[in-house]
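Trainee: I would like to go through the terms used for this model and see how each label is reached.

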Amino acid sequence: RNGDIHRMPASAHPRQVATLRLESERRLALLTTSIIFIPNALAFVVDRRIASDPTQLTRLFGIRMAMFAMWGAGLVFLWRVTTRTALQRVVFALCLGLTASMIAIQLARPAGDELTLRTSVLASVLLFVAYPNRLAFQLIPWGLLVGGTMATGIWRGPALLRLDDISLLIQFLLAGVLGALVSINRRTLEQDMSTSLDRERAAIEEKERTVDELRTLEGILPIC
């Protein structure tokens, strides 16, 4: 693929790099969204075990079905996007949906359910690592997830009002810092790769111009 970039016209090079970046980020978003179906399906078994009554189980089932519908619609939109801006909007919507779903599950499950809280921490990392987007579009759902989780714990009473809350908040903050560093490093790497391609292509073009000038001189001056 690098050879194709080197041979293309100068005006086409930025478009080709943008296309390659779009396809790379879309594949990652598609893979992440597809994989999420598996734990969401397995969670049905956990819901049946921890639900305290049929009403709670029905509520959890409804949330899971809504999540399936959201991921399915997300896959369709991810396949259809043609620009990076559109991809960022779809990914942002999916991250907001994931955040809302995690908070809804926390409200539907028994207070203090450790599995739900740990899953929320994992989801906060997922927002940065598995769904490529602008850092601001990643920080918004992360902040909503952290705030929603802590507010839910306080609202539901003393089951979460303990030292574990501080530990949970620290985990969220560490996940956010780690995810932000990964996101920033990814953007820096993309910029470095683009700059490297630009310099490499400029060197090749300079070499080709030098060869053309030598050939022109051969036609004018006798060179032994």
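Mentor: Start with Arg64, which is buried, because its relative accessible area is 6% and buried means under 20% relative accessible area, exposed over 50%, partly exposed in between (1.4 Å probe, protein chains only). The model is predicted: local features need pLDDT of at least 70, side-chain atom pairs count only at pLDDT 80 or more, and totals for chains, interfaces and linings use all residues. Residues are numbered from 1 along each chain as its sequence is written, and side-chain values use heavy atoms, with hydrogens and water left out.

Trainee: What makes Arg64 and Asp47 a salt bridge?

Mentor: A salt bridge is a side-chain nitrogen of Lys or Arg within 4 Å of a carboxyl oxygen of Asp or Glu. The closest N and O atoms of Arg64 and Asp47 are 3.0 Å apart, so the pair qualifies. Arg64 lies in helix H3 and Asp47 in helix H2, so the bridge ties together parts 17 residues apart in sequence. Helices here are DSSP runs (H or I, at least four residues), numbered from the N terminus.

Trainee: Why is Asp47 called buried?

Mentor: Its relative accessible area is 1%, so Asp47 falls under the cut-off for buried.

Trainee: Which residues are linked with Asp47 in a network of salt bridges?

Mentor: Arg64 and Arg109 are linked with Asp47 in that network. The closest N and O atoms of Arg109 and Asp47 are 2.7 Å apart. Arg109 sits in the loop between H4 and helix H5 (114-129), 62 residues from Asp47 in sequence. Arg109 is buried too.

Trainee: What makes Arg209 and Glu206 neighbours along helix H7?

Mentor: Arg209 and Glu206 are three residues apart in helix H7 (residues 163-220), so about one helical turn separates them. Their side chains meet in a salt bridge at 2.5 Å, N to O. Arg209, at 44% relative accessibility, counts as partly exposed, and so does Glu206, at 42%.

Trainee: Why does Ile38 count as exposed?

Mentor: Ile38 has 54% relative accessibility, so it counts as exposed. Ile38 is found in helix H2 (residues 12-50).

Trainee: How do you know that the span of helix H3 agrees with what is expected?

Mentor: The expected span is 1.5 Å times one less than the number of residues. For the 27 residues of helix H3 (residues 54-80) that gives 39 Å, and the end C-alpha atoms are 39 Å apart, so the two agree.

Note on methods
Helix = DSSP H or I, 4+ residues; strand = E, 2+ residues; numbered from the N terminus.
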